[in-house]
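Colleague: I would like to learn how to read this model feature by feature. Could we go through it together?

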Amino acid sequence: MRSCSFHSAGATHYRITSNRIGFLLSLMAVLLLLPLLSCSGEEAKIAAVDATNWIIGKDPSAYIPEKMIDGDETTAFQFSTAAVPLGQEYLFFTLDAPSDIDTLWIKNGFWKKTNGNDQYVRNSRVKRMTVDFLYSGAADYADGITVTVPDDRSRKDWTTIDLQPHSDVIVVRFLIEEIYKGSKYKTDVCISEVRFTSGDSARPEELYGLATDKLATRSGPGTQYAGKGTYSVAGQYIRVLSRAWDSRNGIWWVKCAIPYKKETRILWTGYKRFDSETLPLESIPIETVTYTADVPAASDSQDPHP
């Protein structure tokens with residue numbers, strides 16, 4: 001956030017007249033508006049996502065296309081080249097309104113460690129794909145561009161890819177054509193997160209809340225799910241991904257990205273443990289994947305990619 005201050009020179013005193021006060025107020029208003037005027041970029045909101053094919057695991061919702069827009073980089077969409085060959089797998093991102101787009105933000109591969117195993121390396125990642133666009137009022141996709149996605153094994157942040165400016169886009173489509181093969185799962189191709197923006201200063205939105213207490217966590221949004229430890233993060237701002245209503249106990253739970261040593265753990269905790277002023281309940285997106293009330297969320301030991 002930019003800030004500005006006004007300083008007097010040495011010990012000089014100024015006589016401020018009403019005209020000067022008006023001028024200074026006008027000047028301050030302009031200076032305060034400058035950051036807003038210069039930050040014209042925005043995120044194109046994705047309303048729905050679909051794909052030609054995806055892997056069905058023990059948990060049927062584990063690898064669905066919606067995992068690319070759930071805000072959680074430790075989950076991933078996965079499809080199999082054994083089921084649909086490269087050059088035939090399409091991904092579709094439907095926007096909530098006609099939008100301007102010029103940049104793809106992607107977290108390629110599977111950003112998760114399971115039982116000490118790095119699933120990014122073990123699974124395959126997208127290398128080359130064609131991106132094209134369906135415009136408002138158009139009957140077919142157009143303006144295809146072939147892009148190469150870097151194999152970023154450091155995974156410290158989003159990878160950004162220039163798509164060139166496009167206006168009035170309602171659907172973005174990917175055609176997956178080439179992959180980086182995983183060390184173990186050579187036909188399972190993963191993408192963790194996808195976003196689209198326009199403008200140089202745009203960045204996908206991330207939501208943070210001030211933790212007011214230790215975070216006692218669960219694997220799902222309710223006390224019926226397995227306990228996952230308590231984290232001493234009171235006074236810290238924690239990234240919040242989504243919320244879900246616990247009808248059994250009549251409370252809201254929130255899914256958080258909790259820093260722990262050199263990793264980030266995605267876990268659930270009660271909304272009451274956050275400051276409601278820094279994290280208004282209505283600002284948190286509602287979880288798009290339904291949790292089964294009486295069945296605990298799958299543990300790491302049940303993951304098909306141990």
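Colleague: Let me start with one residue: is Asp168 buried or partly exposed?

Modeller: Asp168 is partly exposed, with a relative accessible area of 44%. Buried means under 20% relative accessible area, exposed over 50%, and partly exposed in between, using a 1.4 Å probe and protein chains only. Before we go on, this is a predicted model, in which local features need pLDDT of at least 70 and side-chain atom pairs count only at pLDDT 80 or more, while totals for chains, interfaces and linings use all residues. Residues are numbered from 1 along each chain as its sequence is written, and side-chain values use heavy atoms, with hydrogens and water left out.

Colleague: Which sign does phi have at Asp168?

Modeller: Most residues other than glycine have a negative phi. Asp168 has a positive phi of about 60 degrees although it is not a glycine. Asp168 is placed in strand 9; strands (E, at least two residues) and helices (H or I, at least four) are DSSP runs numbered from the N terminus. Strand 9 (residues 159–180) also holds Gln164, with a positive phi of about 70 degrees. Gln164 is partly exposed at 44% relative accessible area.

Colleague: What is the average pLDDT of the chain?

Modeller: pLDDT is the predictor's confidence in each residue, from 0 to 100. Where it is low, the predicted coordinates should not be read in detail. Here the chain averages 82, and 79% of the residues score at least 70. Among the elements, strand 7 (residues 123–135) has the highest mean pLDDT, 97, and helix 1 (residues 18–38) the lowest, 44. Over residues 1–27 the pLDDT is below 50, and this stretch has 10 contacts (heavy atoms within 4.5 Å) beyond near neighbours in sequence. Residues 293–306 are also below 50, with 32 such contacts in the model.

Colleague: How many salt bridges does the structure hold?

Modeller: Side chains of opposite charge can pair when their charged atoms come close. A salt bridge is a side-chain nitrogen of Lys or Arg within 4 Å of a carboxyl oxygen of Asp or Glu. The structure holds 11. One of them joins Glu73 and Arg239 at 2.9 Å, N to O. Because Glu73 lies in the loop between strand 2 (46–51) and strand 3 and Arg239 in strand 14 (residues 237–246), the pair ties together parts 166 residues apart in sequence. Glu73 is buried at 10% relative accessible area, and Arg239 is buried at 11%.

Colleague: Which residue forms a salt bridge with Arg128?

Modeller: Glu177 does, with the closest N and O atoms 3.4 Å apart. This pair links Arg128 in strand 7 to Glu177 in strand 9, 49 residues away. Arg128 is partly exposed at 29% relative accessibility, as is Glu177 at 23%. Lys127, Arg128, Glu177 and Glu178 are linked in a network of salt bridges.

Colleague: Where is there space in a cavity, and which residues line the largest one?

Modeller: Rolling a probe the size of a water molecule over the atoms shows where empty space is left. On a 1 Å grid over the protein atoms alone, a cavity is a set of points where a 1.4 Å probe fits but cannot get out, and lining residues have an atom within 4 Å of a point. The lining of the largest cavity includes Trp111, Tyr120, Asp152 and Arg155. Strand 4 (residues 89–108) gives the most to this lining, with three residues.

Key: 1 Å grid on protein atoms, 1.4 Å probe; cavity = no way out; pocket = protein on both sides within 12 Å on 5 of 7 lines; lining within 4 Å.
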